[in-house]
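Visitor: I would like a close look at a single part of this protein, the sheet and what packs around it. Please take me through it in one connected account.

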Amino acid sequence: MSDKNAVIQTCLDMNETGLNIGKSGNVSFRNNGGFLISGSGICYADMTPGDIVQMDLDGGYFGDVLPSSEWRMHLDLYSKRPEAQAVVHVHSPYATAVSCLRKDVPAFHYMIGLTGGASLRCAKYASFGTAELSIEMLKAMEGRNACLLANHGMICFATSLDAALALGVEIEMLCKQYVLACQLGKPINLDDNEMSNILERFKTYGKKSSELEGDESPAFLPPVRRDL
């Protein structure tokens with residue numbers, strides 16, 4: 001599958017999973033010294049490779065299709081965070097609802113560690129598509145791979161399109177669980193020591209054994225691999 005088709009498929013999967021609705025949200029993938037990003041205001045079901053826009057890291061784009069109005073956030077993530085290879089931004093129901101409270105999601109559940117820290121931060125509000133929004137996003141994502149955007153939605157990045165989409169799904173579920181827990185009372189959050197342990201253990205989470213070679217003391221030792 002070409003990179004452009006992979007971006008289209010991720011857009012389709014966003015809506016299929018319920019992570020996104022309609023034309024909102026956007027997807028990008030780092031390539032050719034810049035990145036590919038979904039075009040502005042195009043129905044995902046009708047999207048073709050020609051609707052995926054190549055951009056450079058100076059804010060220029062190629063072709064006749066305008067890039068997503070949120071291109072600045074994607075560009076700044078690729079410029080400031082070299083580990084970012086794919087970015088997903090959505091207006092998912094629960095993450096967006098929590099973002100409208102303009103509050104961080106605390107360590108009510110250990111899986112919050114997937115976002116890279118002991119909380120899922122909410123960036124301060126700024127109008128969509130502006131440089132101000134991108135600046136606030138970068139602040140909220142210091143030491144993190146995801147954040148909420150006040151009165152807007154969420155954004156996350158990962159090492160692949162599949163991983164970025166999967167992280168978005170996890171974040172939406174965490175926000176749903178947080179909303180449900182708050183309806184029952186005040187959640188009891190995990191303390192800083194426990195979250196420090198969790199974050200160490202997440203260093204091996206989702207990795208293959210070959211990726212752990214040379215790590216003499218991973219915080220959470222995986223089972224010993226046996227040769228068949």
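Guide: What follows is a walk through the sheet, its central strands and the parts that surround them.

The model is a predicted one, and the description below should be read with that in mind. Eight strands make up an open sheet, running in the order 4-3-2-1-5-8-7-6, with mixed pairing. The edges are taken by strand 4 (61-62) and strand 6 (122-123), each of which has a single partner strand, so that one side of each is left without a neighbour in the sheet. In general terms, the strands of a sheet pair through backbone hydrogen bonds, in either a parallel or an antiparallel sense.

Strand 5 (86-90) is a good place to begin within this order. Five of its five residues are buried, so strand 5 is largely enclosed by the rest of the structure. Ala-86, Val-88 and Val-90 point one way from the strand, while Val-87 and His-89 point the other way, and all of them are buried. Strand 5 pairs with strand 1 in the antiparallel sense over four bridges, and with strand 8 (residues 153-158), again in the antiparallel sense, over five bridges. Individual partners can be named for both pairings: Val-87 in strand 5 is the bridge partner of Ser-28, and Ala-158 in strand 8 is the bridge partner of Ala-86.

Ser-28 also leads towards strand 2, where its bridge partner is Ile-37. Strand 1 and strand 2 are paired in the antiparallel sense, over four bridges.

Helix 1 packs against several of these strands. Its buried residues are Ala-6, Val-7, Ile-8, Thr-10, Cys-11 and Met-14, and they pack against strand 1 (26-31), strand 2 (34-38), strand 3 (52-55) and strand 5 (86-90), as well as against helix 5 (161-184). At 1.5 Å a residue, the 14 residues of helix 1 (residues 3-16) should span 20 Å, and because its end C-alpha atoms lie 20 Å apart, the model agrees with that expectation. Just after helix 1, Gly-18 adopts a positive phi of about 85 degrees.

On the other side of strand 5 in the strand order, beyond strand 8, comes strand 7. Leu-149 is found in strand 7 (residues 146-149), and with a relative accessible area of 0% Leu-149 is buried. Leaving aside neighbours within four places in sequence, Leu-149 is in contact with Met-73, His-89, Ser-99, Cys-122, Ala-123, Leu-133, Met-137, Met-154 and Ile-155. Among these contacts, His-89 is a residue of strand 5, whereas Cys-122 and Ala-123 carry the numbers given for edge strand 6 (122-123). Leu-149 and Lys-124 are 25 residues apart in sequence, yet their C-alpha atoms are 6.9 Å apart in space.

There is also open space to consider. The second largest pocket holds about 260 Å³ of space. Of the 21 residues that line this pocket, Asn-26, Ser-69, Glu-70, His-91 and Phe-128 are the closest to its centre. Its lining divides into five nonpolar, 14 polar and two charged residues.

One further residue may be added from the later part of the chain. Phe-202 has its place in the segment after helix 6 (192-201), and at 15% relative accessibility Phe-202 counts as buried. Apart from residues up to four places away in sequence, Phe-202 touches Tyr-110, Met-111, Gly-113 and Leu-114; the C-alpha atoms of Phe-202 and Met-111, 91 residues apart along the chain, are separated by 9.2 Å.

Key: Residues numbered from 1 in each chain as written. Predicted model: local features only at pLDDT ≥ 70, side-chain atom pairs only at ≥ 80, totals over all residues. Heavy atoms only, no water. 1 Å grid on protein atoms, 1.4 Å probe; cavity = no way out; pocket = protein on both sides within 12 Å on 5 of 7 lines; lining within 4 Å. Points joined across faces, edges and corners; volume = space filled by probe spheres on them. Nonpolar A, V, L, I, M, F, W, Y, C, P; charged D, E, K, R; others polar. Helix = DSSP H or I, 4+ residues; strand = E, 2+ residues; numbered from the N terminus. Expected span 1.5 Å × (residues − 1). Buried < 20%, exposed > 50% of the residue type's maximum accessible area, 1.4 Å probe, protein only. Contact = heavy atoms within 4.5 Å. Pairing = 2+ DSSP bridges.
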